[in-house]
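Dear colleague,

I am handing over a structure for your attention. Please look through the sequence and the model before reading the notes below them.

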Amino acid sequence: MNPLAAFARFLGARPWMMKFAPVIPWVERFLAWLTSGRLSLLRVARLPGVQLTVLGRKSGVPRTTYLLCVPYGNGCIVNGSNWGRPNHPAWTANLMAAETAEVVYDGSTLTVRARQITGPERAQLWQELVRVWPGYEMEHQFSGRESRMFLLEPMAGDAG
């Protein structure tokens, strides 16, 4: 295991780290802007991540967020933990309302279709998420809600 990834996982499972949660997305966006998308906190930590762009369900304006992901099949799983806050992150509602979204993953831009993961499949894939990011367990306890999980799969003919 990469020592940077192990250190990031260690930090991410510490309750005091949640105090920094509001700053992390800002730093992520700033790094992406500063480096034209070549650098991110997830990349520095050697953790898998995507840049997700989806149209705002009310505004119709493209909204971009940077998310930890778990590669799965020909796509990836993302989780709307919202850093343990009680409300779902806006990007999850936007994704539920959209037919497609765009992701940048490993330098490739793909059009994806999102499918919300529920039921027994969610329980199974939750274990995969927690394996990659143990902090999700703590964030789940803090939030008091079940986070929305999605499988993002490339559209036919857009497999990278």
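The notes below go from the overall fold to single residues.

Please bear in mind that this is a predicted model.

Overall fold

The protein contains six helices and seven strands. Read from the N terminus, the order of these elements is α-α-α-β-β-β-β-α-β-β-α-α-β. The C-alpha atoms occupy a box of roughly 40 × 40 × 30 Å along the principal axes. For 160 residues, a compact globule would be expected to have a radius of gyration near 15 Å, and the protein, at 15 Å, agrees with that value. Of the 160 residues, 41% are buried. Contacts across the sequence are also worth noting: of those between residues at least 6 apart, 67% join residues that are at least 24 apart.

The hairpin of β1 and β2

Strand β1 covers residues 49-55 and strand β2 covers residues 62-68. The two strands run antiparallel and are joined by seven bridges. Within this pairing, V54 of the hairpin has R63 in β2 opposite to it. Six residues lie between the two strands of the hairpin, and G60, in the turn, has a positive phi of about 75°.

Helix α5

Helix α5 consists of 14 residues, from 119 to 132. From its first C-alpha to its last the helix reaches 20 Å, close to the 20 Å expected at 1.5 Å a residue. Its buried residues include R122, L125 and W126, and L129, V130 and V132 in α5 are buried as well. W126 appears again in the next section, as a member of an aromatic pair.

Aromatic pairs and a charge over a ring

How many aromatic pairs does the model hold? The count comes to two. One of them is formed by W91 and F150, with 6.0 Å from centre to centre and 55° between the planes, and is tilted. W91 belongs to helix α4 (residues 90-97) and F150 to strand β7 (residues 148-154), so this pair ties together parts that are 59 residues apart in sequence. Both W91 and F150 are buried.

W126 and Y136 also pair: their ring centres are 6.2 Å apart and their planes stand at 40°, so this pair is tilted. It links distant parts of the chain, with W126 in helix α5 and Y136 in helix α6 (residues 135-143), 10 residues apart. W126 has a relative accessibility of 10% and counts as buried. Y136 is buried too, with a relative accessible area of 5%.

A charged residue also lies over an aromatic ring: R14 is placed over the face of F10, at 3.9 Å from the ring centre.

The loop between β4 and α4

N82 is located in the loop between β4 (75-80) and α4, and W83 is found in that loop as well. Is N82 buried or exposed? With a relative accessible area of 14%, N82 falls under the 20% limit and is therefore buried. W83, at 25% relative accessibility, counts as partly exposed. In backbone terms, N82 has a phi near 55°, which is a positive value in a residue other than glycine. W83 likewise has a positive phi near 55° and is not a glycine. Which residues does N82 contact, leaving aside its neighbours within four places in sequence? They are N87, H88, P89 and R145.

C76 in strand β4

C76 is part of strand β4. Its relative accessible area is 5%, and C76 is buried. Leaving aside neighbours within four places in sequence, C76 is in contact with V50, C69, V70, P71, F150, L151 and L152. F150 in this list is the residue of strand β7 that was described above as the partner of W91 in a tilted aromatic pair. The C-alpha atoms of C76 and W133 are separated by 14 Å, and the two residues are 57 residues apart along the chain.

In going through the model, you may wish to begin with the hairpin of β1 and β2, then turn to the pair of W91 and F150, and end with C76 and its contacts.

With kind regards

How values were computed. Residues are numbered from 1 along each chain as its sequence is written. This is a predicted model: local features need pLDDT of at least 70, side-chain atom pairs count only at pLDDT 80 or more; totals for chains, interfaces and linings use all residues. Side-chain values use heavy atoms; hydrogens and water are left out. Two strands pair if DSSP finds at least two bridges between them. Helices (H or I, at least four residues) and strands (E, at least two) are DSSP runs, numbered from the N terminus. The expected span of a helix is 1.5 Å times one less than its number of residues. Buried means under 20% relative accessible area, exposed over 50%, partly exposed in between (1.4 Å probe, protein chains only). Rings of Phe, Tyr and Trp (its six-membered ring) pair if their centres lie within 6.5 Å; planes under 30 degrees apart count as stacked, over 60 as edge-to-face and the rest as tilted. A charge sits over a ring if NZ of Lys or CZ of Arg is within 6 Å of the ring centre and within 35 degrees of the ring normal. The radius of gyration is taken over C-alpha atoms; the globule rule is 2.2 Å times the number of residues to the power 0.38. Contact means heavy atoms within 4.5 Å.
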